[in-house]
Amino acid sequence: MEKEQALLRFLYPPDTLEKIIAIVSRFPRMPFLSIVTGSGWGEVVEGRTLEVFSYQDFGISFRREVEGHSGVVRLVEKDDTPVLVFEGRLHLYQGYRYEEVVLPVVFSFLSGVKVLLLTNAAGSLHREIPPGNLCLLTDQVDFTFVPDPPVFQKKPLFSAELRDLACRVAQTKDFPLFQGIYVGVLGPSFETPAEIRMLAHFGQVIGMSTVKEVKTATNLGLPVCGLSLVTNWGSGIASLPLSHQEVLETSLRSKRLMQEFTGAFIQEVARAWRS
Ligand code: HPA
């Protein structure tokens, strides 16, 4: 616990941590798992809302400049499992600081969740993975070139146990589930076709988030699962130019898939971790 405490003290002034602990202490039930929803993943967990608060409550002034991100945090009861849902993500390209971007992870850690599910919207780097599909993340390449805190010691690792669990969910539900490496870039503009050809050597999907959250979770010892909704072909793979609108449209079309998968994932985590 000492290393984790040192990491938190490095990242935040004491009053931020106190604000989080004050919010957590008001929870009527402690969350079992936590979900950060990426672009278009909003409202993916339907259930009874027990508590609602916002990023502002931790001292972050949330800017609503990316459509599909709301900045609301909800404690939800889903089939009797309390789940913490962060609706809206903070991106480095929006000018948020490292410690702001990873705050949902730290909040999850401090509320004692057993599992963290990070979702995002991603572009496909390969023709075999068409938009509209889910891709389970096996590893990541951090191409943001934003330095990590020197107190980080562990290399990011997605939990093998959670990966197996996600595969089981896909199998039972008969959902196709791709697997691959996530290439994290800073953004905010999409890549050039030449950049996509280069980055395709490094992974299967590409996006502008998640990598710092995974590193923080790993260094806090929080088991993490990463799941991308593939929303578009990487630049140059298809003939049409891509846009954030396309990302949102694909998410809208795939809402049921995301909801059903996430619901089944929550059920399976609750079953596996309680037994
Ligand atoms: N590139 C980078 N980030 C993204 C993409 C993409 O094609 N799609 C969704 N996020």
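These legends walk through several close-up views of a predicted model.

**View 1. Who sits around the ligand.**
Start with the residues that surround the ligand: Ala121, Ala122, Gly123, Phe190, Glu191, Ile206, Gly207, Met208, Thr231 and Asn232. Sorted by class, that shell holds 5 nonpolar, 4 polar and 1 charged residues. The space the ligand takes up is the largest pocket. Three elements give two or more residues each to the shell, namely β5 (115-124), β8 (205-207) and β9 (224-233). The largest share, 3 residues, comes from β5.

**View 2. Nitrogen atoms of the ligand and their polar neighbours.**
Here we zoom in on the ligand itself. What lies 2.8 Å from a nitrogen atom of the ligand? That's a polar side-chain atom of glutamate 191. The backbone takes part in this picture too: a polar backbone atom of glycine 123 is 3.3 Å from a ligand nitrogen, and one of alanine 121 is 3.5 Å from a ligand nitrogen. How much of the ligand does the protein bury? Taken alone, the ligand exposes 260 Å², and the protein buries 95% of that.

**View 3. A cis peptide bond at proline 188.**
Most peptide bonds are trans. The one to look for here joins glycine 187 and proline 188, and it's cis, with omega at about 0°. To find the spot, follow the chain out of β7 (177-185): proline 188 lies in the loop between that strand and α6 (193-199).

**View 4. Aspartate 80, with a positive phi.**
Most residues other than glycine have a negative phi. Aspartate 80 isn't a glycine, yet its phi is positive, near 70°. Look for aspartate 80 in the loop between β3 (72-78) and β4 (81-87). Is aspartate 80 buried or exposed? Its relative accessibility is 52%, so aspartate 80 counts as exposed, the cut-off being over 50%.

**View 5. Threonine 210, with a positive phi in a covered spot.**
Threonine 210 is not a glycine either, and its phi is positive at about 75°. This residue sits in the loop between β8 and α7 (211-220). With a relative accessible area of 1%, threonine 210 is buried.

**View 6. Lysine 215 and its partner.**
Move into helix α7 and you'll meet lysine 215. Why does lysine 215 count as buried? Because its relative accessible area is 12%, and buried means under 20%. Which side chain does the side chain of lysine 215 make a polar contact with? The partner is the side chain of aspartate 142, at 2.7 Å.

**View 7. Cysteine 225 and threonine 138.**
Cysteine 225 belongs to strand β9, which also gives residues to the shell around the ligand. Cysteine 225 is buried, with a relative accessible area of 3%. Now find threonine 138: the two residues are 87 residues apart in sequence, but in space their C-alpha atoms are 8.7 Å apart.

**View 8. Helix α4 and the glycine that follows.**
Helix α4 spans residues 103-110 and is mostly covered, with 7 of its 8 residues buried. Which residues of α4 are the buried ones? They are Leu103, Pro104, Val105, Val106, Phe107, Ser108 and Phe109. Keep following the chain just past α4 and you'll reach glycine 112, where phi is positive at about 80°.

Conventions: Residues numbered from 1 in each chain as written. Heavy atoms only, no water. Near = heavy atom within 4 Å. Polar contact = N/O pair within 3.5 Å; in protein donor to acceptor, adjacent residues only side chain to side chain. Areas by Shrake-Rupley, 256 points an atom, 1.4 Å probe, with all protein chains shown as cover. 1 Å grid on protein atoms, 1.4 Å probe; cavity = no way out; pocket = protein on both sides within 12 Å on 5 of 7 lines; lining within 4 Å. Sits in = over half its atoms within 2 Å of the grid points. Helix = DSSP H or I, 4+ residues; strand = E, 2+ residues; numbered from the N terminus. Nonpolar A, V, L, I, M, F, W, Y, C, P; charged D, E, K, R; others polar. Buried < 20%, exposed > 50% of the residue type's maximum accessible area, 1.4 Å probe, protein only.
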